[in-house]
Amino acid sequence: MVYALFITKRQAEVEYVMVKYKVSQRLACRALGINRTAVRYKVKKRSDEDTLTALVTELALQYGRYGYRIICGIIRNMGYLVNHKRVERIWRT
């Protein structure tokens with residue numbers, strides 16, 4: 001399947017238009033009104049992403065009323081170098 005290589009819905013839409021109408025990526029993006037940089041973006045997964053996700057989940061279950069800011073502080077006190085924006089991104093998923 002062609003869509004297995006693409007991560008976002010936008011990338012899949014552009015690929016579909018490219019295959020169906022046999023047009024370039026540039027023309028497909030222009031027709032859909034999508035910025036080409038959004039289609040070309042490759043996600044870079046960090047090596048400790050799974051560990052941090054498990055830790056955030058565990059702490060969220062343990063401290064149910066705490067938000068991502070307090071959880072971020074707890075993680076920092078544990079010795080991890082982590083940004084509050086990264087914890088918030090994990091928190092939303």
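This report describes the charged and aromatic side-chain contacts of a predicted model.

## Salt bridges around Arg86

Side chains of opposite charge can pair when their charged atoms come close. A search of the whole structure finds four salt bridges, and a network of such bridges links Asp48, Glu49, Arg86 and Arg89.

Within this network, the side chain of Arg86 meets that of Asp48 in a salt bridge with an N to O distance of 2.8 Å. Because Arg86 belongs to helix H6 (residues 84-92) while Asp48 is placed in the loop between helix H3 (36-40) and helix H4 (49-62), this pair ties together parts that are 38 residues apart in sequence. The two partners are described by separate accessibility values: Arg86 has a relative accessibility of 8% and counts as buried, whereas Asp48, at 27%, counts as partly exposed.

Arg86 also takes part in a salt bridge with Glu49, for which the N to O distance is 3.2 Å. Here the contact runs from helix H4, where Glu49 lies, to helix H6, where Arg86 lies, so that it ties together parts that are 37 residues apart in sequence. Both of these residues, Glu49 and Arg86, are buried.

## Glu49 and its second arginine

Glu49 forms a salt bridge with Arg89 as well, and the closest N and O atoms of this pair are 3.1 Å apart. Since Glu49 is part of helix H4 and Arg89 is part of helix H6, the pair ties together parts that are 40 residues apart in sequence.

As for the surroundings of these two side chains, Glu49 counts as buried because its relative accessibility of 11% falls under the 20% limit. Arg89, by contrast, is partly exposed, with a relative accessible area of 36%, a value that lies between the 20% and 50% limits.

## Aromatic contacts

A pair of aromatic rings is described by the distance of the centres and the angle of the planes. The search of the whole structure finds one aromatic pair, which is formed by Tyr63 and Tyr66, with 5.0 Å from centre to centre and 5 degrees between the planes. The arrangement is classed as stacked because the angle of 5 degrees is under the 30 degrees required.

Both tyrosines can be placed by accessibility: Tyr63 is partly exposed, with a relative accessible area of 29%, and Tyr66 counts as partly exposed at 36% relative accessibility.

## A charge over a ring

Another tyrosine, Tyr21, has the charged end of Lys20 sitting over its ring, at 5.8 Å from the ring centre.

Key:
Residues are numbered from 1 along each chain as its sequence is written. This is a predicted model: local features need pLDDT of at least 70, side-chain atom pairs count only at pLDDT 80 or more; totals for chains, interfaces and linings use all residues. Side-chain values use heavy atoms; hydrogens and water are left out. Helices (H or I, at least four residues) and strands (E, at least two) are DSSP runs, numbered from the N terminus. Buried means under 20% relative accessible area, exposed over 50%, partly exposed in between (1.4 Å probe, protein chains only). Rings of Phe, Tyr and Trp (its six-membered ring) pair if their centres lie within 6.5 Å; planes under 30 degrees apart count as stacked, over 60 as edge-to-face and the rest as tilted. A charge sits over a ring if NZ of Lys or CZ of Arg is within 6 Å of the ring centre and within 35 degrees of the ring normal.
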